[in-house]
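Student: Hey, I've got a new structure to look at and no idea where to start. Can you walk me through it?

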Amino acid sequence: MTDLPGGLPGDLDGGLDEPEELQPAEGSLRLVSDHDAYDAAAWEAATAAVLRKVRRLGDDAPDSDVWAALTRATLDGIDVAPIGQPSDLDGLTTSGRPVRRGAWDVRTQVEVVDDKAANEAVLQDLENGGTSLVLHLDEERGHDWTTLLDGVLLDLAPVVLDRPSTEQVEAFAAFLEGVEGALHPATNLSFDLQTLEMLTHRVREDGVQARDIFAPLARRAFQLGVRALVVDGTALHDQGASDAQELGWAIATGVSYLRLLADAGFSVDHAARLVEFRLAATDEQFATIAKLRAARRLWGRVLETSGAEGEMALHAVTSRPMTSRRDPWVNMLRGTVAAFAAGVGGADAVTVVPFDEPLGVPDAFGRRIARNTSSLLIEESHVAAVTDPAGGAYAVERLTDDLAVAAWAELGRIDADGGALADDARRGVKERVRAVRAERDAQVADRSRPLTGVSEFPNLAEVLPEREHRPHRYVHRYGWAYEDMRAEPAAQPVFLATMGPIAAHTARATFATNLFAAGGVAVEAAGATADVDGVVSAWSGERVVCLAGTDAAYAEWGGELVAALRAAGATYLVLAGKPGERTVTDVDDSCAMGVDALGFLRRIREELAR
């Protein structure tokens with residue numbers, strides 16, 4: 001036996017000299033036995049048993065009712081079943097799959113406040129995993145592009161802008177026209193007529209309108225060999241749009257841009273190559289995968305009917321509305337799921353919004369975590385090694401098709417109102433988005449759409465990282481109402497009248513404590529108690545009192561406790577649970593699963609402020 005350096009044997013007994021001889025014959029390896037063949041009825045029976053235990057399915061209900069019990073509807077009214085089945089592939093309307101091969105473009109976001117400081121951030125990002133840049137420019141002043149992009153190899157690293165003004169787009173174009181050598185073809189002047197006209201309402205001092213420079217900028221980009229236009233679906237997403245609304249609006253805007261470019265003398269093929277789409281990726285994993293896959297199908301259909309060829313250029317940006325100022329560390333998890341879904345969904349470029357952006361200008365740590373999210377998914381998890389890994393999955397294919405159909409219907413509504421750039425169409429879109437936003441807000445309010453660290457598991461004692469303040473875009477953050485309350489904590493605590501030993505009251509005490517904390521209200525708990533006197537002796541004069549115990553304790557001495565606390569001076573009594581003959585009736589308010597948490601918290605804060 002020959003030893004290798006360090007004393008390791010070079011020829012091990014039992015080693016596999018020819019492992020290929022041990023490979024099973026193709027088709028002979030089975031991962032399940034004959035006893036593992038289950039049908040839908042077997043799944044229904046097993047699932048029904050679980051649901052009956054948690055009282056989500058009646059004892060007399062048929063097992064098949066589990067589908068209705070577990071199917072959820074999206075904000076677009078699309079039913080999403082708990083599991084996929086082969087029948088999901090029946091009757092699909094659309095087809096098509098992402099075509100990106102290999103790793104996506106890691107497009108890092110840089111906030112440009114000071115040009116020199118931003119240049120340092122740009123170079124740091126590109127030297128540590130970033131492959132392209134999206135620059136968010138200061139709206140109040142101009143920029144020295146030579147300083148800002150000093151040292152950047154513009155033939156290797158694409159540069160795009162995040163919702164720039166018309167002046168900024170023109171300045172960027174002028175800078176690129178002075179660059180010696182080739183530019184990366186994925187660089188984009190990032191002109192977005194739709195967002196400029198529909199959402200920003202800014203008027204230039206020289207009176208030049210955005211439409212006046214649409215065609216000239218497109219020609220400049222064509223001469224430079226770069227893209228000219230961004231269709232920014234994230235702009236509508238930030239206002240609260242649903243997935244289908246964002247898709248329909250983006251595709252309709254893309255169609256309008258093609259028409260304008262055709263009027264300016266561009267062929268459809270050349271026009272399509274000047275456009276890049278920017279869509280939001282959320283922490284709803286399968287919805288995001290389906291949305292990006294549906295986007296390609298929709299744009300592919302537009303190009304097909306226009307007689308053009310080519311693929312959609314798709315840039316995914318992790319959602320800003322889903323992020324939170326409170327417990328911002330959770331944003332890392334949200335961003336990771338969203339980036340994973342964007343990569344799996346076939347995005348060509350992915351931007352992970354730094355976790356600390358809701359607090360202000362992201363620091364070096366926030367940017368590093370953002371770019372490393374994509375790097376880890378690509379290099380460690382090998383998510384990009386397979387093209388369209390979700391393709392063929394029953395549930396994903398069904399959701400992709402349903403979402404594409406819903407988005408096409410939204411496109412039809414926009415087109416019927418005159419097209420995406422028409423005032424009537426824009427008013428209609430805004431009205432429909434407001435309705436969806438109200439529906440989502442209601443779900444956040446009753447916590448059927450929970451927000452970790454905001455409406456669920458809040459930490460009143462947290463110390464937020466400090467960041468340089470900078471208002472960022474137009475964003476309707478999902479947890480805004482809770483965060484507004486947290487920004488101004490209640491001056492007085494609620495007394496938590498815990499009834500009985502800790503083991504008995506901990507469930508409802510924890511529920512109530514978390515609920516109050518979500519609204520910036522602290523609690524003072526009585527702890528383990530045995531009777532009315534024990535609770536009252538722990539009370540320190542708080543105006544608002546919340547009873548927390550078991551139904552049995554409520555029935556036994558809850559009414560007596562309420563009377564004693566009122567006699568002692570408590571003015572607003574709350575029951576953790578549902579009031580009634582089996583519990584307590586003489587209370588002013590109550591909180592239980594499904595309560596309108598925001599409405600409840602507003603009432604509590606009003607009482608505490610008296």
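Tutor: Sure, we'll go from the overall picture to single residues. Keep in mind that this is a predicted model.

Student: How many helices and strands are there in the protein?

Tutor: The protein has 20 helices and 15 strands. Its C-alpha trace spans about 85 × 80 × 65 Å along the principal axes.

Student: And what share of the residues is buried?

Tutor: Of the 610 residues, 50% are buried. As for contacts with a separation of 6 or more, 77% of them link residues 24 or more positions apart.

Student: What's the mean pLDDT?

Tutor: The mean is 93, and 95% of the residues reach 70 or more.

Student: Where does pLDDT stay under 50?

Tutor: Over residues 1-10, for which the model has 12 contacts beyond four places in sequence. Where pLDDT is low, the predicted coordinates should not be read in detail.

Student: OK, sheets next. In what order do the strands of the eight-stranded sheet come?

Tutor: The order is 5-4-3-10-9-8-7-6, the pairing is parallel, and the sheet is open. Strand 5 (159-161) and strand 6 (188-191) are at the edges; each has a single partner strand, so one side of each has no neighbour in the sheet. From one strand to the next, the twist averages 30 degrees.

Student: Can you show me one pair up close?

Tutor: Take strand 8 (residues 275-281) and strand 9 (residues 314-318), which pair in the parallel sense over five bridges. In that pair, Leu 279 stands opposite Ala 316 of strand 9.

Student: Which strands does helix 5 touch?

Tutor: Helix 5 (residues 166-177) packs on the sheet and touches strand 5 and strand 6, with its direction at about 165 degrees to that of strand 6. There's also helix 12 (residues 330-344), which lies across strand 8, strand 9 and strand 10 (349-351). Helix 12 runs at about 165 degrees to strand 9.

Student: Back to strand 6 for a sec. Is Ser 190 buried or exposed?

Tutor: Ser 190, which lies in strand 6, is buried, because its relative accessibility is 2%, and the cut-off for buried is under 20%.

Student: What does Ser 190 touch, then?

Tutor: Leaving out residues up to four places away in sequence, Ser 190 touches Val 160, Leu 161, Pro 164, Val 169, Ala 228 and Val 230. There's a polar link to Leu 161 too: the backbone nitrogen of Leu 161 lies 2.8 Å from a polar atom of the Ser 190 side chain.

Student: Changing topic: how many disulfides does the structure hold?

Tutor: Zero.

Student: Why is there no bond between Cys 546 and Cys 591?

Tutor: The closest cysteine sulfur to that of Cys 546 is in Cys 591, but it is 4.6 Å away, so it's too far for a bond. A disulfide would need the sulfur atoms within 2.5 Å.

Student: Are those two cysteines buried or exposed?

Tutor: Cys 546 is buried at 0% relative accessibility, and Cys 591 is buried with a relative accessible area of 1%.

Student: How about a helix? Which residues of helix 7 are buried?

Tutor: In helix 7 (residues 214-224) they are Phe 214, Ala 215, Leu 217, Ala 218, Ala 221 and Leu 224. After helix 7 comes Gly 225, whose phi is positive, near 80 degrees.

Student: And what does Ala 252 touch?

Tutor: Ala 252, in helix 9 (residues 243-263), touches Leu 411, Ile 414 and Ala 420, not counting residues up to four places away in sequence. Ala 252 and Ala 420 are 168 residues apart in sequence, but their C-alpha atoms are 5.5 Å apart in space. Ala 252 counts as buried, at 4% relative accessibility.

Student: Last one: why is strand 11 called largely enclosed?

Tutor: Because five of the five residues of strand 11 (residues 494-498) are buried. Val 494, Leu 496 and Thr 498 point one way, while Phe 495 and Ala 497 point the other way.

Student: What does strand 11 run parallel to?

Tutor: Strand 12 (residues 523-525), with three bridges joining the two. Within that pairing, Val 494 stands opposite Val 523 of strand 12.

Note on methods
Residues are numbered from 1 along each chain as its sequence is written. Side-chain values use heavy atoms; hydrogens and water are left out. Two strands pair if DSSP finds at least two bridges between them. Helices (H or I, at least four residues) and strands (E, at least two) are DSSP runs, numbered from the N terminus. Axes are lines fitted to C-alpha atoms, for helices over the stretch in contact, and angles run from 0 to 180 degrees between N-to-C directions. Contact means heavy atoms within 4.5 Å. Buried means under 20% relative accessible area, exposed over 50%, partly exposed in between (1.4 Å probe, protein chains only). A polar contact is a pair of N or O atoms within 3.5 Å; within protein, one must be able to donate a hydrogen and the other to accept it, and residues adjacent in sequence count only if both atoms are side-chain atoms. pLDDT is the predictor's confidence in each residue, from 0 to 100.
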